[in-house]
Amino acid sequence: MGLIAAALATLVIQLDYLTVGVALPTTAHHFHRSSTDLQWVVSAFTLAFGAALTVSGWLTDTYGPRRVTAYGLAFFSASSLVCAFAPSVPWLVAGRALQGIGGAIVVPGAVAMISSAFEGRRKRIGLAFMWGVAGGGGALGPFIGGLLVAGFGWRSVFLFNLPLCLAAALLIRLDRTARHRAGAAAQRPPYVNAICVVAGWVTLTLVVDRGTAWGWFSAGTIVAGVGGVALLAAFAYRERRGPSLYSRALYGDRVVRLLTVVGSLAVVGFTLLTVFSMFLLQEARGLSPFAAGCVTLALLAPYAATTYAAGRLAEVKRVLLLLVCSMVFAGAAVLGLTFVSTPPAYAGMFALCGIGMGLGNGLTNLLVQQRVAAGMSGAAMSLTLSAKTFVASVAVALAATGAESLNGRVAGAAYNASALDAVLRACAAALFLGALCLAPRAIRRPGPVTGSAPDRD
């Protein structure tokens, strides 16, 4: 029961993220805004998701994954209503930020539900099942989103997940696995550290997004950029010298650090592809939301299948080399998208992208969880996911700004196929960079990375 509840809870977050991408062009038309100007609908979610992850791991390990996941689902449902009835773009962005907070509470709790209930191979298979269900259901996200937008308007994409939230909450309530012991509460996290890292990333994202409008060498841009870097430096200093937000055992594990970097680049590639391919298909190529959703099924169905397969492939001896190959394969497939122009050709290239990205994301998530004890699963998921989402939020803002700069102006950037192709090439470069970062270790240390002692400095 707990395994199904965790999988369904994660599925809700994945579905919401992927259906919203399909609705962005229609939403932009409704509010008379440029599609690329609505990138904050995506960035608000990812920034809030990363921000809340800085403390959600502590909440999970302190109050128990079942309780935290249930409350997270309730919060996510309420924020979905804010999005559905938003009267303006600022309200919609605020609702998306609230959704990001709810999602950040749900996902680490769902992972910890499985990590605390299973051990060894069963834990790995359970996590693979959870991510596979989330990916498999998420594969229908663009299709469902296109269908909802075509039949009921863009607001409907925020309402269909409410029954799923209710079902997941009921399954958690019916779960009979061992309860969390209140006496195992963790130390209260250092909130100053959390404020520094969140404010730093938000400031840098704002600079990237508004730099063109403000002027890249204007006083405001320079002050904000220096301030963002200073905040992140303060976070690093406090984590090293004082009470830390995350366990030092996580920072000390070289493999966890490396997998976090590679996973961040993989998420950047997946995020840029799912967001900007919707602009390319609908705005530049003229497909309807429903047709665009059908085409992207070719991306997400293989993505879900290979994410599940990662649970078994994580056992192979040269798993890091397999991860390198998956990143190279995904990067080559994304690059191939820039040389095709018909829906069937896009579908074929999307399928190849899904295979590489699903395996890459699945392996990075599983290998991190295999290297930490069950009691640290929530903190480990918070650390890795917050890093990934913060980097992805900056990447989306940078990509939108880049597309607008290549177009020469904000209006019409989503219709400029050459500008969007440039974004996809940057997406491919991120995936290649991830493979390059991991390749030396994969070649030098071919042995398994699971079940071993932390590899420390």
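A helix here is a DSSP run of H or I at least four residues long, and helices are numbered from the N terminus. Thr-203, the subject of one view below, lies in helix α8. The model shown in these figures is predicted.

**Figure 1. The whole protein chain is built with helices and without strands.** The secondary structure comes to 16 helices and zero strands. Of the 457 residues in the chain, 58% are buried. About 17500 Å² of the chain is exposed, and carbon and sulfur atoms supply 69% of that area. Among contacts between residues at least 6 apart in sequence, 84% join residues at least 24 apart.

**Figure 2. Helix α8 bends at Val-208.** The helix covers residues 191-214, and the bend is about 40 degrees. Val-208 is itself one of the buried residues of α8. Others in the buried set include Asn-193, Ala-194, Cys-196, Val-197, Leu-204, Thr-205 and Asp-209. An α-helix has 3.6 residues a turn, so residues three or four places apart point the same way. After α8 comes Gly-215, which has a positive phi, near 100 degrees.

**Figure 3. Thr-203 of helix α8 is partly exposed.** Why is Thr-203 counted as partly exposed? Its relative accessible area is 22%, and the class runs between 20% and 50%. The side chain of Thr-203 reaches back to the backbone oxygen of Ala-199, at 2.7 Å. Setting aside residues up to four places away in sequence, Thr-203 touches Ala-224, Gly-228 and Leu-231. Val-229 is 26 residues from Thr-203 in sequence, and their C-alpha atoms are 8.7 Å apart.

**Figure 4. Val-334 belongs to the largest nonpolar core.** This core has 112 residues. Val-334 is one of the members that touch the most other members, together with Leu-273, Phe-276, Phe-350 and Met-357. Not counting neighbours within four places in sequence, Val-334 is in contact with Leu-273, Cys-353, Met-357, Leu-424, Cys-427, Ala-428 and Leu-431. Another core, of seven residues, lies apart from this one; among its members are Leu-47, Ala-51, Cys-196 and Phe-390. In soluble globular proteins, nonpolar side chains tend to be buried together.

**Figure 5. Ser-264 sits in helix α11.** The helix covers residues 254-284. Is Ser-264 buried or exposed? Ser-264 counts as buried because its relative accessibility is 7%, under the 20% limit. Apart from neighbours within four places in sequence, Ser-264 is in contact with Ala-387, Lys-388 and Val-391.

**Figure 6. Thr-10 sits in helix α1.** This helix covers residues 2-30. Thr-10 has a relative accessible area of 3%, so Thr-10 is buried. What does the side chain of Thr-10 reach? The side chain of Thr-10 comes to 2.9 Å from the backbone oxygen of Ala-6.

**Figure 7. Two cysteines, Cys-165 and Cys-325, are shown in a chain with zero disulfides.** A disulfide is a covalent bond between the sulfur atoms of two cysteines. To be counted, a pair of cysteine sulfur atoms must be within 2.5 Å, and by this rule the count is zero. Cys-165 is buried, with a relative accessible area of 2%. Cys-325 is partly exposed, with a relative accessible area of 45%.

Note on methods: Residues numbered from 1 in each chain as written. Predicted model: local features only at pLDDT ≥ 70, side-chain atom pairs only at ≥ 80, totals over all residues. Heavy atoms only, no water. Bend = angle between axes of the 7 residues up to and from the residue. Helix = DSSP H or I, 4+ residues; strand = E, 2+ residues; numbered from the N terminus. Buried < 20%, exposed > 50% of the residue type's maximum accessible area, 1.4 Å probe, protein only. Contact = heavy atoms within 4.5 Å. Polar contact = N/O pair within 3.5 Å; in protein donor to acceptor, adjacent residues only side chain to side chain. Core = buried A, V, L, I, M, F, W, Y, C linked by side-chain atoms within 4.5 Å. Areas by Shrake-Rupley, 256 points an atom, 1.4 Å probe, with all protein chains shown as cover.
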